[in-house]
Amino acid sequence: MRLRRFLSACALTLAAGAAASSALAKDGLTILNATCKVCHLPDEKAPLTANKPLFRISYQRKTPEGWLASIGRMQVMYGVKISDEDRRDLVKYLADLQGLAPSETEGVRYALERRLNTVEQFDPKLTEMCARCHSGARFALQRRPEGEWARLVHFHLGRWPSLEYQALARDRDWFDLALKEVVPQLAKNYPLDNRAWSDWQKQRPQAASLAGDWSFSGHMPTKGDLAGTMSVASSGNDRFKLSVKGRYADGSPFVGEGSAVLYNGYEWRGSVKINGVAMRQVFAALNGEMRGRMFEKAYDERGLDFVAAPKNVARILSVQPGYVKAGEEAEVSIIGSSLQGAPSFGEGVKVLAVTAQTPERVTVKIKAEAGAKLGPREVGVGASKGGNLAVYREIAEVKVVPAFAVARIGGNGGAASKMQGRFDAEAWGRGADGKPYRIGVFPAKWSVEPFDERAKEDQDVKFAGLMDEASGQFMPGDAGPNPQRRMSANNVGNLKVVATVNEAGRAHKGEGHMIVAAQRWNNPPIP
């Protein structure tokens, strides 16, 4: 627990302190040798690090968060002394030298982006043997040879000897299975040597290419769509100064400044204050765009999806709102960069008027014919194509997103803050072929109900927290014993989340599931 708290406290050092790093900071290899060589002996046969590589360190590849967690563990468990500035520089050095190729992070970036309501899908054996204690993404976001995976198993059992007596371990020979079956599987799925990594090192772009103005589009659950401009100025050594200026669809501002650092040619980590609130940026800067998530530093559940493109590159990022009903009119905005020319929405959708146009936003009044083809369609502005506009006739289904979520009690004088639940109501339609398609996020009336009979008996709706019926934001109850509950239990609960969308005089209901759990004491860089 002490380790996890420490890692949570220092997690932003790879971003927040980027701009503060001194121009006279020691070279990463110098820090590595001075700080790590006491315990990690040099290994001249190591395949990666040049200039006296260090045993074990040289046989691992990780994300910036992975290396940060390793250094933090050395500090807490073994008393390693290292300044915050040197730790930042060492993370940068290791993530650049022994990182992951973009393709090696595909499918598991949710952990880096703190999408903590993601329901993972891994091989059952890896789920039972490894991902029952931490996310599967944690092992999927590192690379080791078979011998190093075996050492990791030994480390686990040596550090946490009660592991073999826990659920899904005491019913089997965990240690034997881990060494004989799991280690070979990990080495095969996540090997140290990989063509993708060697190719990426050869083609890794220069960070300076990211300087300039970017147009961005985003969406924050409970708040809505947003768009704007992010200005990026290089401050040397893969570090940047940022200025953000945007607004939500309701007109409220999204404005602030900050700094960022680029790791391994594409891993963008930023720290900005938006409207006075400290936020983190975790983006992949690839193929001429930045894509990922921004979230509050103190409350990572409060975040938004983000995509941006350089202003000098013609690209469509999104359509806001992204739907129109067949036979009706709507006003939509096409968000992008270097947008020039006439907007188009395909056959059956007529442009009635262009009410405003800039290179970053084209606002259009449109009408969909009654017989227009249903489903999503690509839109255009001049020669640029992209985005999606969904044409629908009626809502077939409403889905609560996320379908499963965890909120957490907190506050009430304790060290842990409350962790909110945040939801969107997604409307879905059916095409002429009967296949479902996503229409978009609709306004809804929100409520919670007991998930099962036990939740009803325990009055979880009464005690677990309050749902804002207009926004879909759930605020959990206070931490600590509650004398009003049976046996003075705390305010945890098992709830059904209900979204009611009223459209054309009809009420469409969608349901999700939310566990209101106890406080989150462990908050490492990778969950």
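Guide: A disulfide is a pair of cysteine sulfur atoms within 2.5 Å. Keep that cut-off in mind as we look at this predicted model.

Visitor: How do you know that Cys36 is not bonded to Cys39?

Guide: The closest cysteine sulfur to that of Cys36 belongs to Cys39, and the two are 8.8 Å apart. A disulfide needs sulfurs within 2.5 Å, so this pair is too far apart for a bond. Cys133 is in no disulfide either, as its nearest cysteine sulfur, in Cys130, is 8.9 Å away. By this rule, the count of disulfides is zero.

Visitor: What makes Cys36 count as buried or exposed?

Guide: Its relative accessibility decides that. Cys36 has 15%, and buried means under 20%, so Cys36 counts as buried.

Visitor: Which residues does helix 2 bring to its contact with helix 4?

Guide: Cys36 is one of them, together with Gly28, Leu29, Ile31 and Leu32. On the side of helix 4 they meet Asp86, Asp89, Leu90, Tyr93 and Leu94. Sorted by class, this contact has seven nonpolar residues, one polar and two charged.

Visitor: Why are helix 2 and helix 4 called roughly perpendicular?

Guide: Helix 2 covers residues 28–36 and helix 4 covers residues 84–97; their axes cross at roughly 110°. Angles of 65 to 115 degrees count as roughly perpendicular, and therefore the name fits helix 2 and helix 4. Their axes come within 9 Å, and the crossing is left-handed.

Visitor: Now for the loops. Why is Leu168 called partly exposed?

Guide: Leu168 has a relative accessible area of 35%. Partly exposed is the range between buried, under 20%, and exposed, over 50%, so the label suits Leu168. This residue sits in the loop between helix 9 (146–159) and helix 10 (174–189). Its phi is near 65°, a positive value in a residue other than glycine.

Visitor: What makes Ser338 count as buried or exposed?

Guide: Set its 18% relative accessibility against the limit of under 20% for buried, and Ser338 counts as buried. Ser338 also has a positive phi, near 50°, and is a residue other than glycine. You can find Ser338 in the loop between strand 13 (329–337) and strand 14 (343–344).

Visitor: Where are the cis peptide bonds before Pro321 and Pro402?

Guide: The bond from Gln320 to Pro321 is cis, with omega near -15°, and Pro321 lies in the loop between strand 11 (315–320) and strand 12 (323–325). The bond from Val401 to Pro402 is cis too, with omega near 0°. Pro402 is in the loop between strand 19 (397–401) and strand 20 (404–408).

Technical notes. Residues numbered from 1 in each chain as written. Predicted model: local features only at pLDDT ≥ 70, side-chain atom pairs only at ≥ 80, totals over all residues. Heavy atoms only, no water. Buried < 20%, exposed > 50% of the residue type's maximum accessible area, 1.4 Å probe, protein only. Axes fitted to C-alpha atoms, helices over the stretch in contact; angles between N-to-C directions. Helix = DSSP H or I, 4+ residues; strand = E, 2+ residues; numbered from the N terminus. Parallel < 35°, antiparallel > 145°, perpendicular 65-115°, else oblique. Left-handed = near helix turned anticlockwise from the far one by under 90°. Contact = heavy atoms within 4.5 Å. Nonpolar A, V, L, I, M, F, W, Y, C, P; charged D, E, K, R; others polar.
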